[in-house]
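Here's a quick briefing to read with the model open beside you. Take it one topic at a time and find each piece on screen as you go.

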Amino acid sequence: HLVSLDITHCLQRPSQRQSDGSVKAGGDRELAPWMGRLGLAMGVDGLFLEVHESPDDALCDGATQWPLHRIHELLTHVGLRPAPAAGREPHRPAPAARGVAAPRESAVTTLEASGHAPPTVGLAAPAQGSRPSIAAPAAAPAMAAFRQALERGAAAIARANAEVDLAAADAAVATLLGCRGRRLCTGVGKSGLAAARLASSLSSIGLPAAYVAASEWEHGELGGVGAGDVVVAVSFSGGAAELLRLAPRLRQRRARLLALTGHHSTPLGQAADVSVPCAAAAEDEILGLLPTVSTLATHHVMNALLSECAHRVGLSAQRARENHPGGAIGSAAVAEPVE
């Protein structure tokens, strides 16, 4: 009997309800290469893995499907290489270094797509009576992680553009421009840095703003908030406890809360007077954890809001230089209005 490891379903987590009301299974596809290596270490005869050209758009199992364009990356990490296409000469690996096993060549990549069933990747079993050995993974292409991050970043921008909420963005711009009190930007961690940058950029275009660390609201900063103020809270997850505790206190003081968050349905998005979604795929972060594409999407949407604000206030290059007299901006010779 042959034993096969089903990587896709080993990595699944309980289903979760999405912002649009649909239900999808959870999971972390970035663990698939490691699960493959674990399977070979355990001596399985084959590996099974669902792949998709765009896993996030799959009808099911998207969270644990592997992107088709990254299949060679996965095989290389596991220590396997795809069999040559019909009519081509098989790849011959260079002799392995002393004491290091060469990658197996018994792998066969099968890509099948029919109806709604996602394509799968199957690895051929070794000859009868033999067991697979752990092979040293082939060297990864130069700067592979770097190039993949660029691809994920481009995809994140495309997704943010496709899922933009123009009505929400318009409301956010109107809120910023209509503020008759103070504009205060806040956030935690990487989102806090984004909020600080937003405050600085708003001031540069003539909309005075300041940054307040989220942890400081409960230590005196609330005393400076009153009716007419606007607090811009940045949090992709929308679950930062400091910001969620802040929301009802702002309402008591008749200040408005504008949220830049992953989706309208996040806790922060639900608590805000106005929320602007900055959509990004959480599984595309480094290890599925460290903020990268979510930060990129946030800054992308933030830049668009700043551009619209600059346009509506009629910001000119001359005024921009007056607001920013130092550095290259201050010394720029351009004096045309910003379009």
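What follows is a short tour of strands, a surface patch and some charged pairs. Keep in mind that this is a predicted model. We'll start with a sheet of five strands, move on to another group of strands around S4, and finish with the side chains, including seven salt bridges found across the whole structure.

**The five-stranded sheet**

- The sheet is open, its pairing is parallel, and reading across it you meet the strands in the order S8-S7-S9-S10-S11.
- Strand S8 (210–213) and strand S11 (274–277) sit at the edges with a single partner strand each, so each has one side with no neighbour in the sheet.
- The sheet isn't flat: on average, neighbouring strands are turned by 20 degrees against each other, ignoring direction.
- Zoom in on S8 and strand S7 (residues 183–187), and you'll find four bridges joining them in the parallel sense.
- One spot to look for is Gly187, whose bridge partner in S8 is Ala213.
- Helix H7 (residues 241–252) packs on this sheet and touches S7, strand S9 (230–235) and strand S10 (256–261). The direction of H7 makes about 160 degrees with that of S9.
- As a bit of background, strands of a sheet pair through backbone hydrogen bonds, and the pairing can be parallel or antiparallel.

**Strand S4 and its partners**

- Is strand S4 (residues 46–52) largely enclosed or left open by the rest of the structure? Five of its seven residues are buried, so S4 is largely enclosed.
- Strand S1 (residues 4–6) runs parallel to S4, and three bridges join the two. Asp6 has Phe48 as its bridge partner in S4.
- S4 also pairs with strand S5 (residues 66–67), again in the parallel sense, over two bridges. Here, His52 is matched with Pro67 in S5.

**A nonpolar patch on the surface**

- Met143, Phe146 and Leu150 make up a nonpolar patch on the surface, and together they have about 340 Å² of accessible area.
- You'll find Met143 in the loop between strand S6 (120–122) and helix H4 (144–162).
- Met143 has a relative accessible area of 53%, and over 50% counts as exposed, so Met143 is exposed.

**Salt bridges**

- Among the salt bridges is the one between Glu163 and Arg159, whose closest N and O atoms are 3.0 Å apart. Glu163 is partly exposed at 38% relative accessible area, and Arg159 is partly exposed at 25%.
- Arg312 and Asp170 also meet through their side chains, at 2.6 Å from N to O. Arg312 belongs to helix H9 (residues 293–312) and Asp170 to helix H5 (residues 166–177), so this pair ties together parts that are 142 residues apart in sequence.
- Arg312 is partly exposed, with 38% relative accessibility, and Asp170 is partly exposed too, with 40%.
- That pair has company: Asp170, Glu308 and Arg312 are linked in a network of salt bridges.
- How far apart are the closest N and O atoms of Arg319 and Glu322 in their salt bridge? They are 3.1 Å apart.
- Arg319 and Glu322 are three residues apart in helix H10 (residues 317–323), so about one helical turn separates them. Arg319 is partly exposed at 45% relative accessible area, and Glu322 is partly exposed at 46%.

Definitions and conventions: Residues are numbered from 1 along each chain as its sequence is written. This is a predicted model: local features need pLDDT of at least 70, side-chain atom pairs count only at pLDDT 80 or more; totals for chains, interfaces and linings use all residues. Side-chain values use heavy atoms; hydrogens and water are left out. Two strands pair if DSSP finds at least two bridges between them. Axes are lines fitted to C-alpha atoms, for helices over the stretch in contact, and angles run from 0 to 180 degrees between N-to-C directions. Contact means heavy atoms within 4.5 Å. Patches are made of residues with over 30% relative accessible area and no salt bridge: like charges are joined within 9 Å, nonpolar side chains (Val, Leu, Ile, Met, Phe, Trp, Tyr) within 5 Å. Accessible areas come from the Shrake-Rupley method with a 1.4 Å probe; for residues, only the protein chains shown count as cover. A salt bridge is a side-chain nitrogen of Lys or Arg within 4 Å of a carboxyl oxygen of Asp or Glu. Buried means under 20% relative accessible area, exposed over 50%, partly exposed in between (1.4 Å probe, protein chains only).
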